[in-house]
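Here is a casual walk through the model, going from the overall build down to a handful of residues. Keep the structure open as you read.

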Amino acid sequence: LKSNPSNNEEKEAQTQLTKSDELQRLHSQALSAYQQEDYEAAISLLDEILAVCVWDAELRELRAECYIKEGEPSKAISDLKAAAKLKNDNTEAFYKISRIYYQLGDHELSLSEVRECLKLDQDHKQCFSLYKQVKKLNKQIESAEQFIKEGRYEDAISKYETVMKTEPEVPIYSTRAKERICHCLSKNQQATEAIKLCTEVLQLEPTNVNALKDRAEAYLLEDMYEE
């Protein structure tokens, strides 16, 4: 305004000033909603602020936290990926993205994100610890799948049993392992065991197509055509 004190400039400045006051008010409300664990309200307020402050990494990280609490991991990933680009050396964002992918059962993407974190800081304790876990699990799953390709079903079963021991905390890995063991049992003509294990998987995931197909194959071996 000092450099160009025209009416238009003054109007523009006043409008922007009013808008920034409004955004600060929304920001306070969003933080307060977050602290009170009203994540839905916080997201709605952050949506409004981020429509204007598109490049604010911290606000995106806060909204990602709210999405995680609300059980919307894919939306959290999208905000965290933006935050990783917007803020230099954002190891925290890469760590969180990797953890979310891991919890969702996507060990390959988890591995690739945690590597990005270690590229920025090879001594990052949390990332290194996660990296070791994901790498170990990833290697076991790859090895088990290779055994299946080669028709070495006993070896594959044994390897998938190891996968369940490596990651007992995240249920999706146990379910996937059981699904693949059922496949191996069915291929290995061990029909009774295959039916039992596939049924276990289908109780957890009634629409699991692979388990349905493998159980059907096992029923055929037992001449149980109706089933």
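## A helical chain, piece by piece

Start with the contacts: of those in the chain with a separation of 6 or more, 48% are between residues 24 or more positions apart. Bear in mind that this is a predicted model.

What is the chain built from? Eleven helices and zero strands. Reading along the sequence, you go through α-α-α-α-α-α-α-α-α-α-α. The radius of gyration comes to 25 Å, while the globule rule gives 17 Å for 227 residues, so the chain is more spread out than a compact globule. The C-alpha trace tells you its extents too: about 90 × 45 × 30 Å along the principal axes.

Now for the surface. Out of the 227 residues in the chain, 39% are buried. The exposed area of the chain is about 13800 Å², with 48% of it supplied by carbon and sulfur atoms. As for charge, the chain has 31 positive and 43 negative charges, and the mean positions of the two sets are 5 Å apart.

**The start of the chain**

Helix α1 covers residues 7-35, and Leu 17 is one of the residues in helix α1. Leu 17 has a relative accessibility of 49%, so it counts as partly exposed, given that exposed means over 50%. If you want a feel for distance, try Leu 17 and Thr 91: they are 74 residues apart along the chain, and their C-alpha atoms are separated by 34 Å.

Move on to the loop between α1 and α2, where you will find Glu 37. Its backbone is worth a look: phi of Glu 37 is near 65°, a positive value in a residue other than glycine. Glu 37 is exposed, at 58% relative accessibility.

How many aromatic pairs does the structure hold? There are three. One of them joins Tyr 34 and Tyr 39, with 5.7 Å centre to centre and 65° between the planes, which makes the pair edge-to-face. The two partners do not get the same label for exposure: Tyr 34 is partly exposed at 23% relative accessibility, whereas Tyr 39 is buried at 11%. The cut-off explains the split, because buried means under 20% relative accessible area.

**Around α3**

Trp 55 sits in the loop between α2 (39-52) and α3 (57-69). Is Trp 55 buried or exposed? At 69% relative accessibility, Trp 55 counts as exposed.

Ala 64, in helix α3, gives you the opposite picture: it is buried, with a relative accessible area of 0%. Which residues does Ala 64 touch, leaving aside its neighbours within four places in sequence? The contacts are Ala 76, Asp 79 and Leu 80.

**The far end**

Further along, Leu 204 belongs to helix α10, which takes in residues 191-204. Leu 204 is exposed, at a relative accessible area of 56%.

After α11 (209-221) comes a segment that holds Asp 223. Asp 223 is another residue with a positive phi, about 60°, although it is not a glycine. Like Glu 37, which is exposed at 58%, Asp 223 is exposed, with a relative accessible area of 51%.

**Pairs to check in your viewer**

Several of the residues above can be paired with a partner elsewhere in the sequence. Here they are side by side, with distances taken C-alpha to C-alpha.

| Pair | Apart in sequence | Apart in space |
|---|---|---|
| Trp 55 and Ala 82 | 27 residues | 8.5 Å |
| Leu 204 and Ile 172 | 32 residues | 9.9 Å |
| Ala 64 and Ile 97 | 33 residues | 9.9 Å |
| Leu 17 and Thr 91 | 74 residues | 34 Å |

Read the table together with the exposure labels. Trp 55 is exposed, and Ala 82 is 8.5 Å from it in space. Leu 204 is exposed as well, with Ile 172 at 9.9 Å. Ala 64 is buried, and its partner Ile 97 is 9.9 Å away.

Key: Residues numbered from 1 in each chain as written. Predicted model: local features only at pLDDT ≥ 70, side-chain atom pairs only at ≥ 80, totals over all residues. Heavy atoms only, no water. Helix = DSSP H or I, 4+ residues; strand = E, 2+ residues; numbered from the N terminus. Rg over C-alpha atoms; globule rule 2.2 N^0.38 Å. Buried < 20%, exposed > 50% of the residue type's maximum accessible area, 1.4 Å probe, protein only. Contact = heavy atoms within 4.5 Å. Areas by Shrake-Rupley, 256 points an atom, 1.4 Å probe, with all protein chains shown as cover. Lys, Arg positive; Asp, Glu negative; His and termini not counted. Charge placed at Lys NZ, Arg CZ, Asp CG, Glu CD. Phe/Tyr/Trp six-rings, centres within 6.5 Å; stacked < 30°, edge-to-face > 60°.
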